[in-house]
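Got your viewer open? Let's take a short tour, one selection at a time.

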Amino acid sequence: MTDILQRVDTDASPEVDTADARREPRRPDPTSRWTDREAGWARLDHLASPLVGLTSRLFAQLHDVDDIRMSGVGAQACDSRWLLGAACNELNGGGAADPRQARAAAIGETVERYSGAYIDTTTLRRATSAQLDAEGVDHVRPEEFTPFAPEQFTVEGFAYSPFTASTSLAWLRGVDLAVGSPLEVPAQLMFLANTALDDNRIGYSTSNGMACGCTWEEAVLSGLLEVVERDAFMATWYGRHSLPLIDPDSSASLREFMARHVEPTGLAVSLVDLSRLVDVPVVLALVRNPHNDVAPLALGAACSTSALTAARKAMIEAFQTRTWSKAEQREGAVIDPGAGFEQVADFDDHVRLSLHPKSIAAAAFLDASSERVGLEDLPAVPDASPGGAIDEIARRLRDQGVRCAACDLTSPDVREAGLVVAKVIAPALSALDSGYAGRMLGGRRLYERAFEVGLSPRKLTFDDLNPWPHPFP
């Protein structure tokens, strides 16, 4: 997620961090300032060029009558194989009310995915958890990171191995966000082009928790918010929990946003409060088409320091997902679940499955609650500075038994341009999984968190989990 330049501090000018933070990422500074938006936009623009840009092409997205009334910008990445030896995600995008912000978001997401494909092997070390323990090196331990359930390892052809104290892995140094001390993280969970690591496969990496920013603090905060958001959604989906809906009339600003940008689409929008699972503002948006069978359901979610920002961003993302869904539907790429969930192999397939009528019914529980809350009922996080917000969120997660680490994935060319790419990982949180075969069904929170906060009458079992692949892109 690249959610940079959302705040403006006109007294702060962007300063290029030239330190080699890739090897020793530091604890975010709680006194850090927000980057001036205009200056940040200018810095991102340096990386957009048809000849030498990491973003080789930008294009305005055409608007249909039922699209959100906002700017949408698509971005095409360069062929990173020439620079990195690995391909990065080719097509990216951004949406915002301000066309310049949409453009910046599209470039930032492209830079994020590009830099995430860069691996500097000199920053890695190979060891087992037992060896790191013997050396007194803090690291992500096997009991912390359990992405898969024991039942999954019995499936013939399962692609992953249990993470044990004797598993040899490549490790990347990160920083524990709560205490500021070094924390070694399995490298295969951090990079988007991790096949070069030749590791025992204990999991897989996506862009979950990866973000581009003008400063280390802004990038880390953006990645941390996404990690929290995805945990709340995965617990909701696999537990089939129906959480309270947010009353749009509870906030004049939210009502104005919807009247101006959403209601002209003629589509039905539900806002679901997922915050109770994480104690940070998280909103899930569902866009439904009650008129015909064109992209009947699309989802978006967002976590932010304020509930209003989370609600706005969730709706923007849901409509962007719907644009993607319409393109898949026009190509006839809808997946019929009757032929088996094994067809769902990647995020594209999750969207394709979500277009089928049976998937619409399977997702009906998401906004089925009769409970209503006001926007003011959601928690908030003080955000006078990005570093201060990180400290507060890390503290709240630590109180839940969760620790978070951040690693620096900035490639040399991106750093020279004055940007930072961070990846945040919280091993105990549930990450957004990709593909039916790679469902991450092993985390304790998936089974216990809803019970802990009073949303479920008991802890879940493996057989309780929702068997349907999630509809999230």
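Start with the sheet: 3 strands make an open sheet in the order β1-β2-β3, with antiparallel pairing. Here strands are DSSP runs of E with at least two residues, helices are runs of H or I with at least four, both numbered from the N terminus, and two strands pair if DSSP finds at least two bridges between them. Strands of a sheet pair through backbone hydrogen bonds.

Select β1 (55-60) and β3 (91-96): these are the edges, and each has a single partner strand, so one side of each has no neighbour in the sheet. From one strand to the next, the twist averages 25°.

A quick word on what you're viewing: it's a predicted model, where local features need pLDDT of at least 70 and side-chain atom pairs count only at pLDDT 80 or more, while totals for chains, interfaces and linings use all residues. Residues are numbered from 1 along each chain as its sequence is written, and side-chain values use heavy atoms, leaving out hydrogens and water.

Now add β2 (residues 71-77), which pairs with β1 in the antiparallel sense over 5 bridges. Pick L58 and you'll find A75 of β2 opposite.

Next, jump to helix α11 (residues 386-399). Its 14 residues should span 20 Å at 1.5 Å a residue, and the end C-alpha atoms are indeed 20 Å apart; the expected span is 1.5 Å times one less than the number of residues. Which residues of α11 are buried? Among them are P386, I390 and L397, where buried means under 20% relative accessible area (1.4 Å probe, protein chains only).

Last stop: G401, just after α11, has a positive phi of about 80°.

Conventions: Axes are lines fitted to C-alpha atoms, for helices over the stretch in contact, and angles run from 0 to 180 degrees between N-to-C directions. Buried means under 20% relative accessible area, exposed over 50%, partly exposed in between (1.4 Å probe, protein chains only).
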